[in-house]
Amino acid sequence: MSQSRVRLTLSAVSLSVVAIAATGVQAQDRADALSKLPQNLQALYTDAVEVGPSLYADFKAPAKPWKWCHSESYMGNPWRVTFNGELARLVEGAKASGDVSEFIVSDSNNDITQQISQIRAFIEQGCSVITTIAGSSTALNAVIEDAHKAGIPVITSAGAVTTPHSINVMHNQNLWGYQMGKGIAQALPNGGTILQVEGISGHPLVQQENAGLDKAVSEAKGLTIARKVSGEWTGTTTKSAVLQALATTPQNIDAVWSTGSEARFIAEAFQQAGRPLPLIAASISGDALGFWNANQADFKFYGGEVSPHVAAQNAFRVALRVVEGQTPIVNTIIAPMPLITQADLPTWYKDCMKPDSTSIFPVPPADPFPEDVLNGYFTNGAATPLYDFAKTPASCTP
């Protein structure tokens, strides 16, 4: 072997050793970080969730009043509008108390280059904290790291970014997919057939959710997935995909698994196809509750809620705690997902909810992420100032 090939081989071996060592360090960092959390919080993490120690251990809390900046990537659907309305309500309360001097909001309208530019402007304006729904899990990393260097914490919601310089606040979609599958298995102890309705095919969160379902099915007795279709997290697309699947799937469907908020559209597709309504595992929504109220004898549900109100509250609470001087233990905070069974539906339903109420999102009857649970994510956790879940406007509030 020539000397040049020997050098290349040795270089490749060295790079492999470095990569293995780096992976080992990351695994150890993950294990060390999670070991500092209470057991009930450790149980919310699966291998699909990237997590490590927080880089805010030495963060110096800024003086009051704070300039609060929010970077939105897309304001074009009811969920985002509700999220931003609830965040604005909370921050305005902090303004009224004198803790916040200014609340600045930008919307990049799905233009990631624009969102990067807007966050960079926030840094130049001297924002005290930046909350964001990121338009990409990776493209914002560099500007978030610049914010961290400038002493500005960045808190993400409704989807994580991969830089450790942020604090991600999110649900574990992998665990969510698994829990929905387990709920179906419990409801069908003798087995049955599932129609799987995924979100946007190939999306990283969808892959995590699907893996959760696959695990639940592999653990169950007699459960099979008859078909998998993509509903793209959109009601009309979901209904069309389900109708097409039913037209070419003559066997009985016992359950539908969907991690979107399209339960009503799924139920309507079965009605239109003249098929009996199956158990629907999904995220509850105002229109689904309206459909249930009108079809109580037939509608069967198991799931949870990806609530825009709660997502905004969680981002607000974590951001406020950080600028108050509380120290997060990990860089990805997992919020528990509320469990909603058939028996819970009357508690969640309100008179304003009709089958066409796609812009009404139910407010949980109790805080799904209690303050004492959130405390476990901080070394010096204490109740969030200026926050009271009981003051959340009711679903039917104009």
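Helix α9, residues 263-272, lies across strands β8, β9 (279-283) and β10, and runs at about 155° to β9. The model is a predicted one.

The three strands under discussion belong to an open sheet of five, ordered β7-β6-β8-β9-β10 with parallel pairing. Its edges are β7 (223-230) and β10 (300-304), each of which pairs on one side only. From one strand to the next, the twist averages 20°. Within this sheet, β6 (residues 192-198) and β8 (residues 255-258) run parallel and are joined by four bridges. L195 stands opposite V256 of β8.

Another parallel pairing involves β1 (residues 66-72) and β2 (residues 100-107), with seven bridges between them. Here W68 has F103 in β2 as its bridge partner. The chain passes from β1 to β2 by way of helix α3 (residues 78-96), in a β-α-β crossover that is right-handed.

The nonpolar cores come next. In soluble globular proteins, nonpolar side chains tend to be buried together. The largest nonpolar core in this model has 52 residues, and Y45, W68, V318, V330 and Y377 are those with the most contacts inside it. Helix α11 (residues 308-324) supplies nine residues, the largest share of this core. Which residues does V318 touch, not counting those up to four places away in sequence? The list is I155, I167, V169, I333, L374 and F378.

Apart from the largest core lies another, of 30 residues, with L195, I266, L345 and M353 among them. Two threads meet at these cores: W68, bridge partner of F103, is among the residues with the most contacts in the largest core, while L195, opposite V256, belongs to the core of 30 residues.

Methods:
Residues are numbered from 1 along each chain as its sequence is written. This is a predicted model: local features need pLDDT of at least 70, side-chain atom pairs count only at pLDDT 80 or more; totals for chains, interfaces and linings use all residues. Side-chain values use heavy atoms; hydrogens and water are left out. Two strands pair if DSSP finds at least two bridges between them. Axes are lines fitted to C-alpha atoms, for helices over the stretch in contact, and angles run from 0 to 180 degrees between N-to-C directions. Contact means heavy atoms within 4.5 Å. A crossover is right-handed if, with the strands pointing away from the viewer, the path from the first strand over the helix to the second runs clockwise. A nonpolar core is a set of buried Ala, Val, Leu, Ile, Met, Phe, Trp, Tyr and Cys residues joined through side-chain atoms within 4.5 Å. Buried means under 20% relative accessible area, exposed over 50%, partly exposed in between (1.4 Å probe, protein chains only).
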